[in-house]
Every structure is written in structure tokens, then in C-alpha cells.
Number of protein chains: 2
Amino acid sequence: MTGLTFNSWQAIQDEVMRRIHARVWPPGTVIPNEADLALEFGCARATVNRALRALAEMGILERRRKAGTRVALHPVSRATLDIPVIRQEITERGQSYGYQRLSCAILRPPAEIARTLWINPASDALHVSALHLSETRPFVIEDRWINLTTAPAAAAQDFETLSANEWLVVTIPYTHGSIRFTAAAATAQEAELLCTTPGAPVFVVERLTWDHERTVTLARLCYGPGYSITTGIGTPS
Amino acid sequence: MTGLTFNSWQAIQDEVMRRIHARVWPPGTVIPNEADLALEFGCARATVNRALRALAEMGILERRRKAGTRVALHPVSRATLDIPVIRQEITERGQSYGYQRLSCAILRPPAEIARTLWINPASDALHVSALHLSETRPFVIEDRWINLTTAPAAAAQDFETLSANEWLVVTIPYTHGSIRFTAAAATAQEAELLCTTPGAPVFVVERLTWDHERTVTLARLCYGPGYSITTGIGTPS
DNA sequence: GAGTGGTCTAGACCACGGT
DNA sequence: CCGTGGTCTAGACCACTCG
């Protein structure tokens, strides 16, 4: 046991991964604390911390003060999705982008929308629907409600040529939000807009964004047949 | 300009975000280097580094040696998805888990599968299909090909009671992979297994995993109607 | 070539949370 | 209480890459 020294946090990360794979530290094991590992690896504690923190962010380790660091029991694949602005999503494929506003009006939202946006059901909100095109072919339908309490400036926009999608990202910042992915059957209207048949499977993305304690907007993106999202996954156990 | 001091990396992160939102540093701006910011904020450079690195991981900043740090031009929402083992996905909802193997055989794979798995089209691979149930109701169809060169031990398994999904995660580690989400129309066979009608929209997840330079397995998960994936998104511009 | 981020160190203090 | 991870510091060297 001469104890080779690992002086880069990447090397330490690899060594920890090796021990997990080799079942030296099976799932559930509490591994030595940072100070001991630093001693064993012949490096500073901060270096060990860097390596272990990265593994914890990947979901491979679970860390708690005083309780120590343990190998996660249920390995999960953690994927990070980049969700770009729609224009970019299209132009990055080397295709031309087109935009067509369908409607824009200040309306009393349906009860469910009002509830999701946390606004008074008796007050108005801005509704915008639009079609985004890729090379003259319909790509995605955007159906959006905007909370006018949070984004009053939106009322002055007609979104005729600039999509609400892009206007919002450069105008109303948001702090957090949630995203939901589903498969749904195209309604008659959606089918017509997307040049497909009613009932055809469409990929639906629903996004709700918040600025601190206030909701900003609820968007439903309805992608035509053949659409897919791809991403890479990291390095779990 | 007394220059208040920010001594936590979170505080620095917030301040940088504030300047981006306030258009002090509009998209595309090259912001001051770490040393200067450390001076301004009255903290160590490592602390500034921690804050900026975190923002770069979120996609808000782009950093390159010598070129410096700039505010990202195209703000993207970066979402991290946790993809658990199927059993866990069901039991976490407080429902009971059921498993039913449909088939398991060593076969000559279709050309496209062989190509995706990077195996000789003339050699065999292990094919397993199974149904995962939630509370006695069909939840997802698993259709999987396993590369026997990478995972020869799989040939000895019959996957009668233990799903390939779970056997693999505890037996064959993987270093990376890719994942794809789509909406598709249920085939006749899928519809029958999922107790729905042919052509109904199903949510499809395709996963390909690698161990270093070798492919491990290609899985197609076909989720029944009503299934959705939800996650949170961070704090972009 | 030189400026910038990337990283490591040795030491210190703090905050959380099991015992 | 007191051990563990979380973080900060001041300084140093390195690696990448733009000009």
C-alpha cells in the first residue's frame, strides 16, 4: 500500500468511480470522509471536495453534513436538456425560420389556466397563439397565456412579427419554472395547422415560468409528427 | 462607490444575475475577468470562480481561456431530468410494481439495430421484451437489444422475474449514452399490451448506452396514454 | 507571447444535523 | 455536543487560446 497520489480532481473522481464499479464501495456504503480521503490520495481536502461534489451533482453520491457521503442506492440517469428559443431550434438545423401569428387577445382565462397561473379567475390575461414554421412547413404551435400582473408591458405588444417566445426572454426575466413533456392526439384544429390528421400523435411541451413568487407565462408547444428531443446522459453507476 | 463586499459565492452569483437582467451586461458582453471582479467584490478569486462556473454550467455565461467570460447570446432553458429505474418510477408514485416478461431470445438483429449498436450484422444479440405494470395496469413496454460482446453475462439470464432494466444497472456499468424522446402512434401489438387502441399516441423513450468505446444496450420504452415527464428549470436570463 | 480561466494547496471558520 | 461537509482565503502554477 504505497498509496499513489492523485493530484487532479478528475483523477480522484475516476478512482472513486472505479471503487464503486468494483464494489469496493457498494451502493449504500458510507465512504470515508473528505479529510481521510485527502490523506489517502495525497492531496488537499478541497480537491477531494471538488470531485465528490461533482459526483453528488450527477446523482451517484449522496452527501449530508455529519452523516457523511454514501453511494446512492438507486442509480438514476441524469440528463440535461437544453431548451432553446424556437427560432434557434430551427435555424440550428440549417433551416429557415418562419413565424405566423394566429391570435392575440386579452381574455378571461379558463378556470384551469387561471388556477395554474395563480391569477384571479375574474381578471384578464393575455392569450397569444402562433405557428412557427421550418422551411415553410409548420413546425410547432405555440399556445400561450401571459400573466399581465407580472408582465404588464405585454399588453402593448401585438406579437405580429415577433413571437411571444422571443419577446419574453429578452423582456421579462424569470427565476425558475417547470416543464412537462407528453404525447397527445392532435385535435382537429391542431391537425389542420400542422398539416396532419386529427388524432395523429403530437409531442407536447408545457412550460410554466415564475419570477420569484409570481407566475409569468404558461406555454403549450405542440410539435408535429416526427419531432424528437435528443440529449446525452452522464456517467452513473 | 464604496463597493459593498460580497463574501459568498451565492451573493456574487445573484449580483452577476442582477447585472445581466438590468442590462448592465447585455447578452454578448464580455464581463471583467475574475481577478478584477474579485477586487471589486472584495473576495478571493476562487470565490468569483465558483460563482461564474456555476452560471456557465447553467448556460448563462460562456467562458473561454484568454477570451474571457461573456453573457450567452441565446438564452436556453437548461433542465435536468432524472431518469430512474422503472420499478422506482412506479413505486415512488406509491403504486405497486408488476413485471411480466414477454420474450427473451438470442437473435440476428435487424440491420438498423445492428448499425446503432455498432455490431456485426451477421452476429447475434440478445433481445428482451417485457411489460412493466403499475397496480396491475400496463405502464410501459420495454423492448431491448443487448450487445453480447460487451455484456456476455446477459446470455445466461432469462429475465423471467428480474427486468433487464434492473439487471443491467447493477451488473454492466456504462460511462455515457444518449436518450431520445418522441411521440408515436401505438402499433396494433403495442395497443393491445397497453390496453389502448391502435394509433393512440404513446410516449417513446429510446436509450442507447456505452461503456467506453463499446455499446451496451439499446432500449425502447413505450409509455401508455397519459404518461408525462415533469421537471424544473433553472434561472436563465 | 501573454492574458485568462482552471486548478491545487494549506489552513481556517462556519452551519447543519446526527447522537 | 461535535463530526462532517460547505465554503472562503491568499497565493501559486498551469493550460489553453487568442491576437
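A polar contact is taken here as a pair of N or O atoms within 3.5 Å. With that cut-off in hand, the predicted model can be read from the DNA outwards. A phosphate oxygen of DNA strand C sits 2.9 Å from a polar backbone atom of A:Ala44. The neighbouring entry concerns a base: one of the base nitrogens of DNA strand C lies 3.1 Å from an N or O atom in the side chain of A:Arg45. Chain B takes part as well, with an N or O atom in the side chain of B:Thr69 found 3.3 Å from a phosphate oxygen of DNA strand C.

Stepping back to the whole surface, 22 residues surround DNA strand C, and A:Ser8, A:Trp9, A:Ala44, A:Thr47 and B:Arg45 come nearest. On the DNA side, 71% of the atoms of strand C that come within 4 Å of the protein belong to sugar and phosphate. Sorted by class, the protein surface near this strand holds 11 charged, seven polar and four nonpolar residues.

Which elements supply at least two residues each of that surface? They are α3 (45-57) of chain A and, from chain B, α3 (45-57), β2 (61-64) and β3 (68-71). The largest share, four residues, comes from α3(A).

Finally, the two protein chains can be compared. A turn of 180° with a shift of 0.0 Å along the axis lays chain B on chain A with an RMSD of 0.1 Å. The two copies are therefore related as by a two-fold rotation axis. Both copies use the same surface, since 100% of the contact residues of chain B recur in chain A.

Conventions
Residues numbered from 1 in each chain as written. Chains lettered and ligands numbered in written order. Predicted model: local features only at pLDDT ≥ 70, side-chain atom pairs only at ≥ 80, totals over all residues. Heavy atoms only, no water. Least-squares fit on C-alpha atoms with pLDDT ≥ 70 in both. Contact = heavy atoms within 4.5 Å. Near = heavy atom within 4 Å. Polar contact = N/O pair within 3.5 Å; in protein donor to acceptor, adjacent residues only side chain to side chain. Nonpolar A, V, L, I, M, F, W, Y, C, P; charged D, E, K, R; others polar.
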